[in-house]
Amino acid sequence: MYKKRFFSGIALLVLSASGCGLATSPERKVVVPAEPTMIDFVDPSSIAGLSARTLTEGHSTRGRYVHISYPELKNAPALNETLRTQAEQQWREFRGRTPDPYAYPRPELNVEWQLAAASSQAIAVRLRTGMFLGASWGNSTRTYWFDPRDGKAVESSGLLDGKNALNRLAGLVREQLKTRGSQVERDGVTARGDQFDSMAFNRGGDLVVEFDDCQIGPCSLGRLAVAVPERQVRPLLSVFGRRAQSSVEGRTRLGTPETPYTPGTMPPSSASIPPAASNRAGTVDCAKAKCVALTFDDGPGSYTGRLLDILRESQARATFFTVGVNAAAQPELIRRMSAEGHLVGNHSWAHKDLSKQATSKIIDSVGHTESAIEAAIGQRPTLLRPPYGAVSQALSDVAAQRGISLVNWDVDTKDQLEEKAGDIVDLAVRQAHPGAIILMHDIHRESVDAVPDILERLRRKGYSFVTVPELYGSAGMQAGRLYRSGNELPGKQPLT
C-alpha cells in the first residue's frame, strides 16, 4: 500500500514541477512525455533477486570521499561483472586524479544507478557519476544493456547495427542540436564511443542520447540530451536494439533522469505520518542499565538479511541508517528492520557529502529518502546520519525545519578499513562505553561476521543493545541538533 503511494506521488511531482504535461502521438497512439528526453525508469523493488552493491572510501578523519553503488541482478552474471568492473575502474581513475587525498574541500566521487529497462527482452542500468575536485560538481552518465536471451552485456552502442549505424546516428544528433543555440558544439559530435555511451528509450520508442557535462558545450549547460525519433532510429538498431526498444514503449512513468523533485521545492513534510520508532523501545532503562547503540550505515545490501538474522537470534536491536536508493530497491528489508524492533534512519539518497550541497539539494536528498522509507514502513524517519559525518549550517537548518535529529558516532570500528572480523570485534569492544554510539556498515561481509562476537563479548560486560533515541531516555532528542554520544550534555550543540 505504501509503495504504491510513494511512486505515484513521485510521478505527479515530476510532471507538475517540470512544467511538462503529456502528449499523445496520433501515429502510434502512445502517451509520450512532452519533453522527449525524459527517460522512464523501472521500480527496482519490482525486480526479483535484485540487491545493491557498494564501494566506499572516506570515513577516516582524512581522505577522499568515494561512494559507488550499483545493482546486482539474479541470472545476469555478465551484467553484474560489467558493472563491478566499471565501478572498480572509476575508483582507480579517481584515485589517479586525486593524488593528494588530504586536499580540502575533500575530493568526492559518487555513483548512483537507475534501471532504464527491465524485462525478459532487455535490461538497462544507467550509472550517474558525480565528481567533485574542489570547485564544482561535474556529472556524467553511462548506460549498460543486457540481453537475457544470450546472456551478454553490451555498452549503449550495442543497441545499434554496427559502425555505419553509429555514424548515421551521429548525423541525426547533429541535426537535432541545430536548435540548441551556438553554445553547443554540434560539429564536435562524432561516432566516438565515449559520446554515445549513455543511450536509452523513452516510452514513445525514441532513442535518448545523453551527453556528459562539458562534453559538447559549456559546463553551465548541465544535462544535455537529444531524442532521436523512433521512425528515424529504428532502421539503425541491431536485432537486440529493436527488442530493447519494443520492451520500453508505452511503459508507465516512475521518474526522470535527475532527482524526482525539482531543486528548490520542498518534498512533502509527511506531518500526518507517525515518526519512526522501535516497537521494543522502553524495554530497557538506560538511566540504570549500561546501554550502547549499534548503528549500521549504507545499506540495505547483500549482507543485511544475515545481519538481521544474527540480531534476531541474539535479541539485540540496532539503528539502520539507510541510503535511499538502496531502501527504494529493497523495501522488504526496510520492513523487516522495523518489524523486528530496529529503528530505520535516513542516510541521504545517494550518499553525497551534504555539507557541500545547497539547501535545495539537501532537501531533495533527505526528502526523497524519507519518502522511500515511509513507502516501506508507513513511518517517517526522524534521525539522519550525514554522509561521512560531514555537517554544515544549511544541513542543520534543514534538519530543524523537518523535525530531524543528526546523529554521528563516538566509536568507529573502522570496519571499512579492516579486512578481518576479529580486528573489528577487538576495536568495538575495547572502545565501547555506556552511552556509546558505535559506527558499523552492513554492506561489508567482515562487518556482519564481527557482530556475533561483539554482541557476546559486550553482553558479558553487562551491556544492553538499544536504538539511538533510547540512550537519551525521557530527555529525548532535539531537531537540528548533532548527537555523537549518549553521554553528551543536553545543552551542547556541536556542528562538526
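## Close-up views of the predicted model

**View 1. Phe 41 counts as buried because its relative accessibility is 6% (buried is under 20% relative accessible area, exposed over 50%, partly exposed in between; 1.4 Å probe, protein chains only).** Phe 41 sits in the loop between strands β2 (30-33) and β3 (51-57); strands (E, at least two residues) and helices (H or I, at least four) are DSSP runs numbered from the N terminus. Although Phe 41 and Leu 115 are 74 residues apart in sequence, their C-alpha atoms are 5.5 Å apart in space. This is a predicted model, in which local features need pLDDT of at least 70 and side-chain atom pairs count only at pLDDT 80 or more, while totals for chains, interfaces and linings use all residues. Residues are numbered from 1 along each chain as its sequence is written, and side-chain values use heavy atoms, with hydrogens and water left out.

**View 2. The whole chain holds twelve helices and 20 strands.** Of its 496 residues, 57% count as buried. Take the contacts (heavy atoms within 4.5 Å) between residues at least 6 apart in sequence: 71% of them join residues at least 24 apart. The accessible surface (Shrake-Rupley method, 1.4 Å probe) comes to about 20,200 Å², and carbon and sulfur atoms account for 50% of that.

**View 3. Helix α12 (residues 445-460) bends by about 30 degrees at Val 451.** The bend is the angle between axes fitted to the seven residues ending there and the seven starting there. A proline, Pro 452, follows within four residues. Look for the buried residues of α12: Ser 447, Val 448, Ala 450, Val 451, Ile 454, Leu 455 and Leu 458. Their packing partners are β12 (290-297), α6 (304-314), α11 (421-431), β18 (436-441) and β19 (463-465). Just after the helix, Gly 462 has a positive phi of about 95 degrees.

**View 4. Ser 447, in helix α12, counts as buried because its relative accessible area is 0%.** Leaving aside residues up to four places away in sequence, Ser 447 touches Asp 415, Ile 424, Met 440 and His 441.

**View 5. Asp 298 and Pro 300 share the loop between β12 and α6.** Asp 298 is not a glycine, yet its phi is positive, near 80 degrees. With a relative accessible area of 0%, Asp 298 is buried. In the same loop, the peptide bond from Gly 299 to Pro 300 is cis, with omega near 0 degrees. On the other side of α6, in the loop leading to β13 (319-322), is Gln 315. This residue also is not a glycine and has a positive phi, about 50 degrees, but Gln 315 is exposed, at 61% relative accessible area.

**View 6. A cis peptide bond runs from Tyr 104 to Pro 105, with omega near 0 degrees.** Pro 105 belongs to the loop between α2 (77-97) and β5 (108-118).

**View 7. The second largest cavity encloses about 40 Å³ of space.** A cavity is a set of points on a 1 Å grid over the protein atoms alone where a 1.4 Å probe fits but cannot get out; lining residues have an atom within 4 Å of a point. The model has two cavities of 30 Å³ or more. Lining the second largest are Asp 212, Asp 213, Cys 214, Gln 215, Ile 216, Gly 217, Pro 218, Leu 221, Gly 222 and Leu 224.

Definitions and conventions
On a 1 Å grid over the protein atoms alone, a cavity is a set of points where a 1.4 Å probe fits but cannot get out, and a pocket is an open set with protein on both sides within 12 Å along at least five of seven lines; lining residues have an atom within 4 Å of a point. Grid points are joined across faces, edges and corners, and a volume is the space filled by probe spheres set on the points.
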